[in-house]
Amino acid sequence: MKIYVCKTYEEMSKKAADVMGAQLILKPDSVLGLATGSSPLGLYSELADRCARGEITFKDVKTVNLDEYCGLSPDNDQSYSYFMHKNLFNKVDILPENVNLPDGTNADAAAETARYDALIASLGGVDMQLLGIGVDGHIGFNEPDDHFTTGTVRIALTESTIEANSRFFASSDEVPRYAYSMGCGTILNAGKILFIANGKNKAEIVEKAFFGPVTPQVPASLLQLIPDKVYAFVDAEAGELLVKNHPEDVIVL
Ligand code: F6R
């Protein structure tokens, strides 16, 4: 696993954009797996700038997002579809028909999870998957559990995730209790993983994920099983314990 500790969030975002940009140059028709949340905002802004300058193009790119809240339609400003359009898709030259997310309005979980898995399979899988990490170690919405998920699932959000995500809502009561999420098996099958994490509150879980036991209690720990595919960029705050306790295993930029 290549773990790069950047000085700042801005540097982390630029390096992540270098890696994703290189992916698009090497394979212009890449299938990108994308994430929402605060971590990728700088990366998406960089990608949009680079696209506007003509350095990269999304015209042949297809995307599959990790997750979507159950019960929210794409025009709801708290939906992940809305987030992705606002922060990336509306700012780059991607074709609307090449954008894919789980359909949060489909109440038939069996049908929706099967549809999303079939869609990902029909695209030939994910070439590069972007991942953030929750403070409880979740990736996508795969929360700590006694088993790892394989394909797309409908997941009950943990209290810690509801609390963490309530910052985007008027109150924690408004945070949806369920989400559709790509499964850990699908994430592991991606050609490459681009992992990003920033901020002090991620330092402990990042160390656990990369150097603790591989366990479904820390879903991100699964990445230890595919070290050759993982490129992790963290800022100095999130990487603090890595630099302190595992200096040999990280590259400090
Ligand atoms: C979002 C997602 C989540 C986030 C994680 C970190 O699509 O998959 O796993 O990556 O909750 O969120 P932030 O970046 O807001 O700290």
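Let's start at the ligand. One of its oxygen atoms is 2.7 Å from an N or O atom in the side chain of K202. The protein covers 94% of the 410 Å² of accessible area that the ligand has on its own. Keep in mind that this is a predicted model.

Where does the ligand sit? In the largest pocket.

K202 is not alone there. The ligand has 14 residues around it, and K202 is among those that come nearest, along with S39, D67, H138 and G140. What is the make-up of that shell? Three residues are nonpolar, eight are polar and three are charged.

Now the backbone. G140 has a polar backbone atom 2.7 Å from an oxygen atom of the ligand. For S38, a polar backbone atom lies 2.8 Å from a ligand oxygen. So much for the ligand.

Next, salt bridges. How many does a search of the whole structure find? Eight. Let me show you two that involve K27.

Take D127 to begin with. K27 forms a salt bridge with D127, and their closest N and O atoms are 3.0 Å apart. Then comes D29. D29 also forms a salt bridge with K27, with the closest N and O atoms 3.7 Å apart.

Are these two, K27 and D29, buried or exposed? Partly exposed is the label for K27, because its relative accessibility is 32%. D29 is partly exposed too, because its relative accessible area is 45%. The band for that label runs between 20% and 50%.

To recap: the ligand sits in the largest pocket, and K27 forms salt bridges with D127 and D29.

Methods:
Residues are numbered from 1 along each chain as its sequence is written. This is a predicted model: local features need pLDDT of at least 70, side-chain atom pairs count only at pLDDT 80 or more; totals for chains, interfaces and linings use all residues. Side-chain values use heavy atoms; hydrogens and water are left out. A residue is near a molecule or strand if one of its heavy atoms lies within 4 Å of it. A polar contact is a pair of N or O atoms within 3.5 Å; within protein, one must be able to donate a hydrogen and the other to accept it, and residues adjacent in sequence count only if both atoms are side-chain atoms. Accessible areas come from the Shrake-Rupley method with a 1.4 Å probe; for residues, only the protein chains shown count as cover. On a 1 Å grid over the protein atoms alone, a cavity is a set of points where a 1.4 Å probe fits but cannot get out, and a pocket is an open set with protein on both sides within 12 Å along at least five of seven lines; lining residues have an atom within 4 Å of a point. A molecule sits in a cavity or pocket if more than half of its atoms lie within 2 Å of its grid points. Ala, Val, Leu, Ile, Met, Phe, Trp, Tyr, Cys and Pro count as nonpolar, Asp, Glu, Lys and Arg as charged, and the others, Gly among them, as polar. A salt bridge is a side-chain nitrogen of Lys or Arg within 4 Å of a carboxyl oxygen of Asp or Glu. Buried means under 20% relative accessible area, exposed over 50%, partly exposed in between (1.4 Å probe, protein chains only).
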